[in-house]
Amino acid sequence: MDCILCKIAAGEIKSEIIYQDQDIFVIKDINPQAPTHLLILPVEHYANLGEVADKAPELLTALFAKGADLGRQIAGERGFRVVINTGPDGGQTVDHLHLHLLAGRELQWPPG
Ligand code: AMP
Ligand code: ZN
């Protein structure tokens, strides 16, 4: 499958891997939108939030728990944002489900 995140998971494309276990991994976003910008994603390919909710909802717990862990570790009391872009209107550009973890600056709301 021609998926950049699957290729990173398989070690075919280099990336800065922050965390990895058998189910999920965390990398640095290549085009960071905040001082900390990480992507938290399943090793297995799911195109989007709907597909993982249908086929492997337990992965969502692991992904969000990792987001909470890292967010607290990195940002402490300052806080952080975890977001999943879904589909064209949601701003999704890579069709392998991933959570963005953003921290290190005051983020705007609404996001635009
Ligand atoms: P989204 O637009 O929500 O689908 O997010 C896709 C994210 O993947 C963007 O923030 C990109 O900067 C990021 N990205 C694309 N290619 C790579 C890569 N090779 N390594 C790390 N992050 C990437
Ligand atoms: Zn993939």
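The donor residues of the zinc ion (ligand 2) follow the sequence spacing C-x2-C-x38-H-x50-H. The pair Cys6 and His45 links distant parts of the chain, 39 residues apart. Cys6 belongs to helix 1 (residues 4-9), whereas His45 sits in the loop between strand 3 (36-42) and helix 2 (49-55). The model discussed here is predicted.

At the metal itself, coordination is provided by Cys3 (SG), Cys6 (SG), His45 (ND1) and His96 (ND1), at 2.1 to 2.3 Å. The 4 donor atoms subtend angles of 106 to 118° around the zinc ion (ligand 2), and the arrangement is therefore tetrahedral. The criterion requires all angles to lie between 85 and 135 degrees.

Attention now turns to charged side chains. Side chains of opposite charge can pair when their charged atoms come close. The structure holds 4 salt bridges, including one between Asp2 and Lys7, whose closest N and O atoms are 2.8 Å apart. Asp2 counts as exposed because its relative accessibility is 69%, while Lys7, at 25%, counts as partly exposed.

Helix 2 contains both Lys55 and Glu51, 4 residues apart, or about one turn of the helix. These two residues form a salt bridge in which the closest N and O atoms are 2.8 Å apart. Lys55 has a relative accessibility of 58% and so counts as exposed.

In helix 3 (residues 57-75), Arg72 and Asp69 are 3 residues apart, which means that about one helical turn separates them. Their salt bridge has its closest N and O atoms 3.5 Å apart. Arg72 is exposed, with a relative accessible area of 55%, whereas Asp69 is partly exposed at 38%.

Definitions and conventions:
Residues are numbered from 1 along each chain as its sequence is written. Chains are lettered from A and ligands numbered from 1 in the order in which they are written. This is a predicted model: local features need pLDDT of at least 70, side-chain atom pairs count only at pLDDT 80 or more; totals for chains, interfaces and linings use all residues. Side-chain values use heavy atoms; hydrogens and water are left out. Donors are N, O and S atoms within 2.8 Å of the metal (3.2 Å for Na, K and Ca); water is not among the atoms, so sites may look incomplete. Four donors count as tetrahedral if all angles lie between 85 and 135 degrees; four count as square planar and six as octahedral if opposite donors are over 155 degrees apart and all others between 65 and 115; anything else is irregular. Helices (H or I, at least four residues) and strands (E, at least two) are DSSP runs, numbered from the N terminus. A salt bridge is a side-chain nitrogen of Lys or Arg within 4 Å of a carboxyl oxygen of Asp or Glu. Buried means under 20% relative accessible area, exposed over 50%, partly exposed in between (1.4 Å probe, protein chains only).
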